[in-house]
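Student: I would like to go through a structure with you and ask, for each label, what it rests on.

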Amino acid sequence: MTRTTEGRAVTTRPSTDLDEATALRHQLADELAAAGHIRTPAVDRALRTVPRHAFAPERPLHAAYANEIIATRQSDDGTVISSISAPWLQADMLEAARIQPGHHALEIGSGGYNAALIAELAGPTGHVTTLDIDPAVTDRATRFLTQTGYGRIRVVTADAEHVPAEVVPDGGFDAIVVTVDTWDLPWIDALAEGGRLVAPLRLHGYHWAISFTKRDGALHSDEPLIVCGFVAMQGDGAWHRNRRTVPGTGVHLSWEDGTPLPVDELALALTCEPTVTHTHVTVGGQEPFDALTLYLAGALPGFCRLSADSDGDNGVLNPPPKHWPGAAIVRGNSLARLATERIGDGDEGKGLYEFVVHGHGPRGHLAAQEMAEQVRHWQHNHRGALCPRITARPAASCAPPARDHELHVFAKKHTRITVDWPIVPGPAALLIGRGSCSAG
């Protein structure tokens, strides 16, 4: 279903509130610019122009302009299924999209506010389409876009896995911005050659906002990856954890990419004290190491994500946080998991940690040595690189995989994702600023 809204801005708040909103909007833009999230005059102007509070009327003004996510719709179990993204992340993604006046732009995952920002960038000669599967979300977006004077934006209710052909311009969109957590990239054909696609892509359950340019029919990343979190994709493009539970332990293993392995024999492995293999690779308490986990996911067959019930007695030492399952590999009746041990306070007193690998089961020590060797390989060869390069090619254009596990290749439904790790020889310096592959 497609709707084009028409109308001018409707003012319902007292002028004192509007004055306060304007001040808060400029204050937020100042903060984002100072932190490096706003980098161009066009994005700066858009964030100072679009009234964020008008898309979140349930929130007090100060909350509407906080630098954080605003949940706008929840499922019956309380899961957030629609939201206004955090401003710092919106600014980063809009900068990466490089939307110019006159561009045709598509937003996947609606709400209204981000579409209005895109419309400011595309200008009066541009065309913006925002799409969502949930009619309650698109109804809300239509209402607020009309009230704020962005009636030329086309609002479409559809499954993003199947973008209606009639909304795709001749030659494709100049920019596609995806604001839902996606496991695949089925929009290559809808993007113009030379166009930009920015999407939060899941690779083995880890998710990064990745900026691509389409060249020769494939997507090529060309900016640092941004660690992020979005509401989950719904419909035919929804991702599945492929989670298996080790019987009687409260330990769960997930294979989003790759083939799930049997887990029943791991119950006995978790009853014994694990071995601990030291890597002698350290990380600061506030230093991101998302690049390492992405590297391990592509380098190790049988890679999976491990989580453990907080109230379970399952033999897992140093269990991973609930919302950030740990990196693990399965080897028959044994497994190994990446963990950390605090070894000091660090230069700033925020802690210094060593990566260690816990091995469970009769061959757990061998699995742990295998993972530890890959940690050292990453340290010696890739840690100093700013970021890996990601390439997404249509699956139909790729030869079938020669084996179940190809190094640093993720086989999706619509695409084949390849991760290329630049080699930076010698000791790796600690990365600062945007982090190893992250921002925010």
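Tutor: What follows is a set of questions and answers about this structure, which is a predicted model.

Student: Why is Arg140 called buried?

Tutor: Arg140 has a relative accessible area of 13%, and buried means under 20%, so the label applies to Arg140.

Student: Arg140 is said to form a salt bridge with Glu58; how do you know that the pair meets the definition?

Tutor: The closest N and O atoms of Arg140 and Glu58 are 2.8 Å apart, and the definition asks for a side-chain nitrogen of Lys or Arg within 4 Å of a carboxyl oxygen of Asp or Glu, so the pair qualifies. Arg140 belongs to helix H6 (residues 135-147), whereas Glu58 sits in the loop between helix H2 (41-49) and helix H3 (61-64), so the salt bridge ties together parts that are 82 residues apart in sequence.

Student: What makes Glu58 count as buried or exposed?

Tutor: The relative accessibility of Glu58 is 55%, and exposed means over 50%, so Glu58 counts as exposed.

Student: Which residue pairs with Glu370 in a salt bridge, and how do you know that the label is earned?

Tutor: The partner of Glu370 is Arg331, with the closest N and O atoms 2.9 Å apart, and because the limit is 4 Å, the pair counts as a salt bridge. Glu370 is in helix H9 and Arg331 in strand E16, 39 residues apart, and the pair links these distant parts of the chain.

Student: Why is Glu370 called partly exposed?

Tutor: Its relative accessible area is 31%, and partly exposed is the class between under 20% and over 50%, so Glu370 falls into that class.

Student: What can be said of the salt bridge between Asp420 and Arg389?

Tutor: The side chains of Asp420 and Arg389 meet at 2.5 Å, N to O, which lies within the 4 Å that the definition allows. Asp420 lies in strand E21 (residues 415-420) and Arg389 in strand E19, 31 residues apart. Asp420, at 36% relative accessibility, counts as partly exposed, and Arg389, with a relative accessible area of 44%, is partly exposed as well.

Student: How many salt bridges does a search of the whole structure find?

Tutor: The search finds 17 salt bridges, and Arg98, Arg196, Asp222 and Glu223 are linked in a network of them.

Student: What makes helix H4 mostly covered?

Tutor: Helix H4 spans residues 87-97, and eleven of its eleven residues are buried, among them Trp88, Asp92 and Glu95. Just after H4, Arg98 takes a positive phi of about 55 degrees.

Student: Why is the largest nonpolar core said to lie between the domains?

Tutor: Domain 1 (16-227) and domain 2 (242-383) both give residues to this core, so it lies between them. The core has 59 residues, and Ile176, Leu185, Trp187, Leu197 and Leu338 touch the most other members.

Student: Why are strands E12 and E14 said to stand at the edges?

Tutor: Seven strands form an open sheet in the order E12-E13-E15-E16-E17-E18-E14, with antiparallel pairing. Strand E12 (243-246) and strand E14 (275-284) each have a single partner strand, so one side of each is left without a neighbour in the sheet.

Student: How do you know that strands E15 and E16 are paired?

Tutor: Four bridges join strand E15 (residues 303-308) to strand E16 (residues 326-331), and because pairing requires at least two bridges, these strands count as paired.

Note on methods:
Residues numbered from 1 in each chain as written. Predicted model: local features only at pLDDT ≥ 70, side-chain atom pairs only at ≥ 80, totals over all residues. Heavy atoms only, no water. Buried < 20%, exposed > 50% of the residue type's maximum accessible area, 1.4 Å probe, protein only. Helix = DSSP H or I, 4+ residues; strand = E, 2+ residues; numbered from the N terminus. Core = buried A, V, L, I, M, F, W, Y, C linked by side-chain atoms within 4.5 Å. Domains from an automatic or database assignment.
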